[in-house]
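Colleague: Could you take me through one helix in detail? Start with its surface, then its inward side, then what follows it. After that, add a helix pair and any backbone oddities.

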Amino acid sequence: MEGLESDLEDMRQYFRSGKTKDAAWRQSQLKGLLLFMKENEKDIFKALKEDLGKHHAEAYRDEIGTLRKSINFALQGLKEWMSGKAAKLPKIALLTSAELVPEPLGLVLVISSWNFPFGLSLEPLIGAIAAGNTTVLKPSDLAPACASLLANVLPTYLDNKAVKVIPGGGAVGEHLLQQKWDKILFTGSARVGRIVMSAAVKHLTPVVLELGGKCPAVVDCLSSSWDKQVAVNRIIVSKFGACAGQACIAIDYILVERRFASTLVDLMKVMIKKMFGENPRETNSVARIVNRQHFLRLKNLLSDSAVRNSIVYGGSMDEKNLFIEPTILVDPPLDAAIMAEEIFGPLLPIITLDKIEDSVTFINSRPKPLAIYAFTKNEKFRRRMVSETSSGSLVFNDAVIQYAADTLPFGGIGESGVGKYHGKFSFETFSHYKAVVRRSFLTDFWFRFPPWNDYKLSL
Ligand code: NAD
């Protein structure tokens, strides 16, 4: 961290030089990001395996492939995003035109999390670069092999006067937060999110907080066997097949009508075995828990005897290999930690209700989630979910897929976050839309000028 202040001042100077505003510069940096992903693919796979035990297929789907898509989307849209947008004015504004002109903010800070170490670092960076900013990126120290690639290799593909990667943990993060930034995009816990927001107050720095929470999935009593199977396939892959449930938009718990619960559990058991084998530890298709501390946190969620008694599938743990088997619980106590805290791991409680409509009250009595999922064919219920619940995103009949859509804003509401990004929303997040108004000298209304009199007032 030595020399940080002067490094940041150099970056501000570089921004003021105007170099990063140039469209060609932005394109070259985005292409640099693409090249980094391409030329280091093997090392990225290796680092994700080392830090999180992610299978190549999962690593490609969630990080490499998704990022390539996002970079290409930004490259394609850049020119149009950068151009000003004409604004309509009232008729009284005779011979006047107006437009919204996006301008970069300056020097921005991105602090990211460990569960998708490339995606959560580079997705914001795409937006920051596309918008023409200089950026400092601090990846998480909990995925050290990935952070090392980002800190040591990524800079060789980018303009180092404009992009710096500073690896480290909480202490480094705190030190960075004391500096003056033009925007901070933070991905992580609500606890640290609050620290970020408090630090931002000093310089009135705008913040985007990408946080987490408990994302519910409501499963309606589906009657056709096809629909049931499709729903279960999607629930299992999105919960256990995406960083072992260590994802901010992973399904945290399921809400289902009591009469449908045993059918659902039976189908889920079959599908877990089909996807991950009789012994999931050996098939390498379930990622590992990031570290011992998180392993023990998850173990602790099951330590309560009432919670343990609610396990209907799985529950085995291997501390040495930081592995937790996909685990299903039915009706653990609602006041247990597993139903109060974000789970962030391969444990999936199912809560049974009398009527599926009760899920609306259940969800609304808790903090607003980052995502809500509802598997249903009931149009009336669908409309209720849309109009009566609030969340960062709401997905019917699938889960997690919204992350990859460039045309949708990604972000939370309330406890699950502030602000949004992805696709053009990332560009907008890292831009200021300046109102530019142009008047003609040709003519003017005489009554807009003093001296005021009753006649002018009566017009
Ligand atoms: P975390 O809050 O512990 O850490 C996030 C980042 O903040 C890391 O880079 C960390 O080094 C840094 N940090 C830690 N303490 C800090 C401090 N005092 N000052 C400044 N920086 C500090 O969270 P985590 O364990 O990395 O991630 C888990 C949480 O993140 C979960 O709640 C999850 O839901 C959420 N998350 C959200 C998203 C999203 O896109 N919304 C994505 C991934 C994770």
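**A close look at α10**

Modeller: R259 and K274 are exposed, and they sit on the other side of α10 from its buried residues. Keep in mind that this is a predicted model.

Now the inward side. The buried residues of α10 are A261, L264, M268, I272 and F276. Viewed down the helix axis, these buried residues fall within an arc of 70 degrees, so they line one face of α10.

Next, the length. Helix α10 runs over residues 258-276, which makes 19 residues. At 1.5 Å a residue, α10 should span 27 Å, and its end C-alpha atoms are 27 Å apart, so expectation and model agree.

What comes just after α10? G277 does, with a positive phi of about 85 degrees.

**The helix pair**

Helix α2 (residues 23-39) packs with helix α4 (residues 56-82). The angle is about 170 degrees, and the axes are 10 Å apart. An angle over 145 degrees counts as roughly antiparallel, so α2 is roughly antiparallel to α4. From α2, the contact takes in A23, R26, Q27, L30, L33, L34 and M37. From α4 come I64, L67, R68, I71, A74, L75, L78, K79 and M82. Sorted by type, the residues of this contact are twelve nonpolar, one polar and three charged.

**Backbone oddities**

Most residues other than glycine have a negative phi, and most peptide bonds are trans. Three places depart from that pattern here.

Take L204. This residue is not a glycine, yet its phi is positive, at about 50 degrees. L204 lies in the loop between α8 (190-201) and β7 (207-210). Is L204 buried or exposed? L204 has 7 C-beta neighbours inside 10 Å, so it counts as exposed.

V400 also has a positive phi without being a glycine; the value is about 75 degrees. V400 belongs to the loop between β16 (393-396) and β17 (417-418). Its surroundings are another matter. V400 counts as buried because 23 C-beta neighbours lie inside 10 Å; the threshold for that is 20 or more.

Last, the peptide bond between P450 and P451 is cis, with omega at about 5 degrees. P451 is placed in the loop between β18 (431-439) and α18 (454-458).

Methods:
Residues numbered from 1 in each chain as written. Predicted model: local features only at pLDDT ≥ 70, side-chain atom pairs only at ≥ 80, totals over all residues. Helix = DSSP H or I, 4+ residues; strand = E, 2+ residues; numbered from the N terminus. Expected span 1.5 Å × (residues − 1). Buried ≥ 20, exposed ≤ 12 C-beta atoms within 10 Å, placed from the backbone. Arc of directions from axis to C-beta. Axes fitted to C-alpha atoms, helices over the stretch in contact; angles between N-to-C directions. Parallel < 35°, antiparallel > 145°, perpendicular 65-115°, else oblique. Contact = placed C-beta atoms within 7 Å. Nonpolar A, V, L, I, M, F, W, Y, C, P; charged D, E, K, R; others polar.
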